[in-house]
Amino acid sequence: MDSTLLTNLLLFNNTVQPELMRSLHVYRQGDEEERAVEREFVFSECGSYVEMQATPILKFVKSHVSRVFQGYKNGVWLCIFAYHADHTPRFYRIPPLLLVSRNPKLQMVPNLLHDLHVIYKLDRKEEDKDTTLESKGEECQGNSDNFQPSEKVFPVLDQDLNYLPYEEDESELLENETDVESSPGLLGKKKRAPSDLVAKISLSDLVQYFGMPIVEASRNLNVGLTVLKRKCREFGIPRWPHRKIKSLDSLIHDLQEEAKSQELEDMEAAMAVAKRQRMLECEKENIEKKPFMDIQTETKRFRQDVFKRRHRARAVGKHNSTVSNT
């Protein structure tokens, strides 16, 4: 692994859900082709830092990685740190969030911390040189064609930021789909939603439809299923949370029925059931606010117990009906 070279590192912050972070790491090993790895993290302000399973969404950025600098925005993802080994300077500024001396929680995400340490080791003096580089940038520009200007120049890429970045072949495919959908000879087909309509869709708009399947939600939002999935990934939602919310609703309903029956028999047991119900309602609200969150382990165990009780009840009922018939 010593021959593996980190050539690029981009770190993006979600402007809608600030706790979400994405990083793009580009490695080169010997004479082999470069390998890009995309990672996603939750930087909880009050809790711990966690690395999540990342669904690649920065395809367009990967093909133009050397042209992305701090301040570049791709949809809801804002680049807060950009390192390029082949550029001068390699980076402009290190945010305090990425300094382990100021943010010890970085130790909870070792994959990111390791590459940051590599960068700091190679460019330990970069911060001290920033002022000098900025003052001499214009003078050195004429002497070196590869020297980057001191002023931050953010590239303008040929990409509609209302959509999740996609590769050229996918872009052509979507254009063909638009032509087919808008053809007057085909019945039952709808035109693709205009980009301004898609751009206006906010997270609060999506929350209203979390309780229904994603196909039904796309119809209510008047957008296609593919467009809605892209929009979800922009907001950091890896999977439509309908099933999680439906599962919690079912558990809450079961507890409501159980609480009613327990009130007449055991008040203490009824209070315990009501407490569990409030916990589930609170968890449901949290998932609606942060749909990338998973159901808690304790809730999964409780749900499994409910499934087992239902199965036993059905088995006993089936056995009793068989005995009564014989």
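Helices and strands here are DSSP runs, numbered from the N terminus. Keep in mind that the model is predicted. With that settled, let's work through some exercises.

**Exercise 1. Place Gln17 in the fold, and decide whether Gln17 is buried or exposed.**

*Solution.* Start with the secondary structure: Gln17 sits in the loop that joins β1 (4–14) to β2 (20–29). Next, take the accessibility. Buried means under 20% relative accessible area; Gln17 has 8%, so Gln17 counts as buried. Finally, look for its partners beyond four places in sequence: Gln17 is in contact with Leu203, Phe235, Lys289, Lys290, Pro291 and Phe292.

**Exercise 2. Describe the surroundings of Leu116.**

*Solution.* First find the element: Leu116 belongs to helix α2 (residues 110–122). Then apply the 20% cut-off for burial: the relative accessibility of Leu116 is 1%, so Leu116 is buried. Now list the contacts, again setting aside neighbours within four places in sequence: they are Leu9, Phe81, Leu98 and Leu106. As a last step, check a pair distant in sequence: Leu6 and Leu116 are 110 residues apart along the chain, and their C-alpha atoms are separated by 10.0 Å.

**Exercise 3. Test whether the span of helix α11 agrees or disagrees with its number of residues, then find what its buried residues pack against.**

*Solution.* Helix α11 covers residues 297–325, which is 29 residues. The expected span is 1.5 Å times one less than the number of residues, which gives 42 Å for α11. The C-alpha atoms at its ends are 42 Å apart, so the two values agree. For the packing, note that Thr299, Phe302 and Val306 are buried in α11. The buried residues of α11 pack against α9 (242–263) and α10 (267–289).

**Exercise 4. Characterise the second largest cavity.**

*Solution.* Begin with the count: the structure has 3 cavities of 30 Å³ or more. The second largest has a volume of about 60 Å³. Its lining consists of Arg22, Glu40, Gln53, Ala54, Thr55, Ile57, Arg233, Gly236, Ile237 and Pro238. Sort these by class and you get 4 nonpolar, 3 polar and 3 charged residues. Then assign them to domains: domain 1 (5–124) and domain 2 (201–238) each supply at least three residues of this lining.

**Exercise 5. Do likewise for the largest pocket.**

*Solution.* The volume of the largest pocket is about 710 Å³. Of its 20 lining residues, Pro238, Arg239, Lys244, Phe292 and Asp294 are the closest to the centre. By class, the lining divides into 10 nonpolar, 4 polar and 6 charged residues. By element, α9 gives the most, with 3 residues.

How values were computed. Residues numbered from 1 in each chain as written. Predicted model: local features only at pLDDT ≥ 70, side-chain atom pairs only at ≥ 80, totals over all residues. Heavy atoms only, no water. Helix = DSSP H or I, 4+ residues; strand = E, 2+ residues; numbered from the N terminus. Buried < 20%, exposed > 50% of the residue type's maximum accessible area, 1.4 Å probe, protein only. Contact = heavy atoms within 4.5 Å. 1 Å grid on protein atoms, 1.4 Å probe; cavity = no way out; pocket = protein on both sides within 12 Å on 5 of 7 lines; lining within 4 Å. Points joined across faces, edges and corners; volume = space filled by probe spheres on them. Nonpolar A, V, L, I, M, F, W, Y, C, P; charged D, E, K, R; others polar. Domains from an automatic or database assignment.
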